[in-house]
Every structure is written in C-alpha cells, then in structure tokens.
Amino acid sequence: MGILYVISHSPFKRRDSVFYVRMAQKGDAIIFIQNGVVAAKACPPEYKKDCEEAEARGVKLYFLKEDLIARGIDFEGKETVDYDGFLDLIEKVDRVVH
C-alpha cells in the first residue's frame, strides 16, 4: 500500500486536509480520526466532492469507529476501523502523513 493520510481536524475548522484528499492516488488510503470524523456526517460541498473523486481514483477512505461513536455520528455505510485496524493500516503502508 502507498501512503496513509491521517486527517484529525474537522473539515469546517481546518481546510488544509483537503490537500491530502486531492493528493491521494490509487493505492493510498485516508483515515479520519478525532474531529476529522465529522466528515462522515457533514462537510463543505467541495470537500465532499473531493472525497468522492478520491474514491473514484481508488483511494480507500476509513473512519475511526471509536471516534464516530464518541461524537454520536452514524457510521452506517462508511468504512470503519477500530484502533487495532488503524494500527494494521499503519503497518501496511509505506508512509504515514499527518
């Protein structure tokens, strides 16, 4: 696997994570953790479009399950991983960008 991009800030608070979404290529993955999981529920329209385009390029999007639960965000239909799954992702990739 290529690069794992870790997004930990709300898409409404910090917009720099949109660059990760735009840079990610086939074989890369993005995981939303901490307040970044807000993107599972709501995000600016252009951010949502960028995520959809990343998925179309073959980028896998993951959400940390424990952070979704802690924030009361419904994660049905989203690819989730728990803490152990997050560690597995880190072990599989060539590089982690946070």
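Start with one pair of residues: Tyr-5 has Ile-30 of strand 2 as its bridge partner. Helices (H or I, at least four residues) and strands (E, at least two) are DSSP runs here, numbered from the N terminus. The chain crosses from strand 1 to strand 2 by way of helix 1, and this β-α-β crossover is right-handed, meaning that, with the strands pointing away from the viewer, the path from the first strand over the helix to the second runs clockwise. Strand 1 and strand 2 are parallel and share four bridges; two strands count as paired if DSSP finds at least two bridges between them.

Before going on, a word about what you're looking at. This is a predicted model, where local features need pLDDT of at least 70 and side-chain atom pairs count only at pLDDT 80 or more, while totals for chains, interfaces and linings use all residues. Residues are numbered from 1 along each chain as its sequence is written, and side-chain values use heavy atoms, with hydrogens and water left out.

Now zoom out to the sheet. Its five strands form an open sheet in the order 4-3-2-1-5, with parallel pairing. Strand 4 (80-81) and strand 5 (95-97) sit at the edges with a single partner strand each, so one side of each has no neighbour in the sheet. Strands of a sheet pair through backbone hydrogen bonds, either parallel or antiparallel.

Strand 2 is a good place to look at side chains. Ala-29 and Ile-31 point one way, Ile-30 and Phe-32 point the other way, and all are buried (buried is under 20% relative accessible area, exposed over 50%, partly exposed in between, with a 1.4 Å probe and protein chains only). In a regular strand the side chains alternate between the two faces of the sheet. Four bridges link strand 2 to strand 3 in parallel, and Ile-31 stands opposite Tyr-62 in strand 3. The route from strand 2 to strand 3 goes through helix 2, and this β-α-β crossover is right-handed too. Further out, strand 3 (residues 60-64) runs parallel to strand 4 and is joined to it by two bridges, with Leu-64 opposite Val-81.

So what about helix 2 itself? Its twelve residues should span 16 Å at 1.5 Å a residue, and its end C-alpha atoms are 17 Å apart, which agrees; the expected span is 1.5 Å times one less than the number of residues. The buried residues of helix 2 are Tyr-47, Asp-50, Cys-51 and Ala-54. Seen down the helix axis, they fall within an arc of 100°, so they line one face of helix 2 (the arc is that of the directions from the helix axis to the C-beta atoms). They pack against strand 1 (3-7), helix 1 (17-23), strand 2 (29-32) and strand 3. On the other side of helix 2, Pro-45 and Ala-56 are exposed. Just past the helix, Gly-58 has a positive phi of about 100°.

Asp-50 is worth a click: it lies in helix 2 (residues 45-56) and counts as buried at 10% relative accessibility. Beyond its neighbours within four places in sequence, Asp-50 is in contact (heavy atoms within 4.5 Å) with Val-18, Val-21 and Arg-22.

Finally, the cysteines. The structure holds zero disulfides, a disulfide being a pair of cysteine sulfur atoms within 2.5 Å. The closest cysteine sulfur to that of Cys-43 is in Cys-51, 5.8 Å away and too far for a bond. Cys-43 is buried, with a relative accessible area of 19%, and Cys-51 counts as buried at 10% relative accessibility.
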